[in-house]
Amino acid sequence: MSAPLETAMPGALETTTRAASETAMPGALETTTRAASETAMPGALETTTRAASETATPGALETAMRGAGRPRLVPYVTGGITADWTRYLLACQAGGADAVELGLPFSDPMLDGVTIQRASDQALARGATVEKILTDLTSVRDQLTVPVVVMTYANLVVHAGATAFCRRLAAAGVTGLIVPDLPVDELGELEPAAARSGIDLVLLVAPSTPAARIRQICARSRGFVYAVSTMGPTGERDTLDGRAVVLAANARDAGGPPVLIGFGVSTPAQAARAAGAADGVVVASALVREVLDGATPERLRQVVAGFRAALDATRLRGTTSR
Amino acid sequence: MTVTNALSVAARTMMAEPLAGGRFGEFGGRYVPESLVAACAEVEEAFREAWSDASFRHRLERLRAVHAGRPTALTPAVNLSAELGVTVLLKREDLAHTGSHKINNVLGQALLAHRMGRRRLLAETGAGQHGVAAATAAALFGLDATVFMGERDIERQQLNVFRMTMLGAEIVPVRSGSRTLKDACNEAMRHWVTAAHDSYYCVGSVMGPHPYPWMVREFQRVIGEEARAQCAAELPTSVPTHVVACVGGGSNAAGTFAGFVDTDARLIGVEAAGGAAMTDGTAGIVHGYRSRVLQDEHGQVAEAHSIAAGLDYPGVGPEHAYLGDIRRARYVTVTDDEVVPALRRLARTEGILCALESAHAIAWVLRAAGTADLPTGSTVLITLSGRGDKDMPALMATATR
Ligand SMILES: Cc1ncc(COP(=O)(O)O)c(C=O)c1O
């Protein structure tokens, strides 16, 4: 699963060449998009068949979240944060990620704390766009063996149109989507659009979510259920909020896809504790801070590997139930 | 359903309770993190209950009278009317306590927060008028007030910043993004997630997640209802031919329009050319609601620029987006260059120094008077949303240039 770092990451020359050809060939982007929409537009029969099979079998993300037999680790990387940001993605994989969460930066990240805000600002200031990030992603697709789940805000989805957005994600090889400012009541056309493109739409539960609503959300969430550990924005915290453990237990009891705890999982020890109550963790700000501070991909791989080791030790102690 | 039926249904439901989920047509809604859904639902439930409670309404009415100084006057702009050839009536929200219409909304929300047992008001502010109103109401109800304000707005609106501190509010400078109102809104929302258990988020305009656009409009409806009765006493035609108000988030316009939506009056919202979400915006979601939003070709929310800090906002209340779509209201823009002369002209003809925001409405009337948009002989009601004291430093800067 974890490919050696050297093979997982393109050399400097390769990166430069690719970057140059991307800026030089505006037509390539268009072609990709068109090709994507062509393949993504099935006939009526195919649609029916696929829709039926979708309800029967979990998507790629959910399969990965169920299949690993150990607590799941999903690190987060802000797309476009540096010129060679895809190397961070590959470093997460090399460090033992079961999936990677890719943030598409938005100007008004309502739910993000200072670290991810800074990362988004930095990416946008570099000229990052959804299209550029997904094009970068496509270029490393062959090297990625773990699923990519995109996290972004509702405006970017609405701006592109739910159907076009999901098709574009699918064409870039993305298999999951998290939109934190789209609660279950506002999914509208995104839910069927995601299903049509084979994208698992991950829903969130929070400590303030009532029990009946937790069941509703878990029933409709695909890929995994994102249990927001704390009442607050993303960001590192000294201790894991005790409510996370209760919330994750309630979400697991509700059935549905695996439950991952995210927000404020800042250290391997906290991750291990969270994994004792859930199926795994999402780690974001702690990694993004490293990148903002100039960590090399190798350094990031080590940090991710530290989380991996702590989680695996949890499993060895037998503290997870599934 | 026949076309006439559909129209009469639309007329009856216009500016009434929104559709399920807080929709105005396709706009509105509740696009917030799951962590805030319960908090929004709680505010909605409390508002529904309070609004149908006669004692709540009575307390609010009394507060408006004894604390805010309502009803505000309707002043015929006699000299300006003679110069323009149209009858201009000014609804004087500048005479309300704290100097703008913002107090109407805040008294309603503070009363609600008090009823809900909250101990702190959270607010965002651009021009500072909403912050001052929130700080005022908090003092009155014995609540704490925390006001989020962009760093750039803090620089531009020092007088209001000082007023807020005098009233005991804590100001939180917001350094993210464009460091203006839009970022103050994000920060207030983020803070609300952490504080929803004991704090009440007092939104400053007809924006934000359901029930805020509806609730704020209901609290501002008093402007339109008073003006309707005052116009009936003042005008032989009873209802003016045109009703004009400036639009930032759109609360003074929504409150004014609500009093006239069932008449033949033309409703005109005036935006700042640099922050014209109705004119230049496209469908989007920001700050918890779906509406028209100023954004770039990639869907990133654009920075708005206006000489009036209160109009310097890239979104607009969802009900305005709806009223614009069904063509019940018309939205126009004026530039900074038209606004300062408009403010001066009103000052010199009527002896009223209005806010730069309000001067946008005046500027449009000056431009349109005698044209097909506002023919000679029209009667026009303009809401003067606020007084200009806060803008004098900015005007002093333009005068010496
Ligand atoms: C005097 C005045 N008028 C108008 C506005 C714009 O707000 P709204 O469009 O909600 O009335 C503001 C906002 O700060 C204001 O201070």
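The exercises below, each with a worked solution, concern parts of chain B in a predicted model.

In this model, local features need pLDDT of at least 70 and side-chain atom pairs count only at pLDDT 80 or more, while totals for chains, interfaces and linings use all residues. Residues are numbered from 1 along each chain as its sequence is written, chains are lettered from A and ligands numbered from 1 in the order in which they are written, and side-chain values use heavy atoms, with hydrogens and water left out.

**Exercise 1.** Work out the strand order of the open sheet of four strands in chain B, and find its edge strands.

*Solution.* Begin with the terms: strands (E, at least two residues) and helices (H or I, at least four) are DSSP runs numbered from the N terminus, and two strands pair if DSSP finds at least two bridges between them. The order is 7-6-5-8, with parallel pairing. Strand 7 (170-174) and strand 8 (199-201) of chain B are the edge strands, since each pairs on one side only. Next, take one pairing in detail: strand 6 (residues 144-150) of chain B and strand 7 of chain B are joined in the parallel sense over five bridges, and Thr146(B) has Glu170(B) in strand 7 of chain B as its bridge partner.

**Exercise 2.** Explain why strand 4 (residues 87-92) of chain B is largely enclosed, and trace its pairings.

*Solution.* Buried means under 20% relative accessible area, exposed over 50%, and partly exposed in between (1.4 Å probe, protein chains only). Five of the six residues of strand 4 of chain B are buried, so the rest of the structure largely encloses this strand. Strand 3 (residues 74-76) of chain B pairs with strand 4 of chain B in the antiparallel sense over three bridges, and Thr75(B) has Leu90(B) as its bridge partner. Strand 14 (residues 379-384) of chain B runs parallel to strand 4 of chain B and is joined to it by six bridges, with Lys91(B) partnered by Thr383(B).

**Exercise 3.** Describe how burial is distributed over helix 11 (residues 251-258) of chain B.

*Solution.* Count the buried residues: eight of its eight residues are buried, and helix 11 of chain B is mostly covered. Among them are Ser251(B), Asn252(B) and Phe257(B).

**Exercise 4.** Identify atoms of Ser205(B), Gly248(B) and Ser385(B) that lie close to the ligand's atoms.

*Solution.* A polar contact is a pair of N or O atoms within 3.5 Å; within protein, one must be able to donate a hydrogen and the other to accept it, and residues adjacent in sequence count only if both atoms are side-chain atoms. Ser205(B) places a polar side-chain atom 2.5 Å from an oxygen atom of the ligand, whereas Gly248(B) has a backbone N or O atom 2.7 Å from an oxygen atom of the ligand. For Ser385(B), a polar side-chain atom lies 2.6 Å from a nitrogen atom of the ligand.
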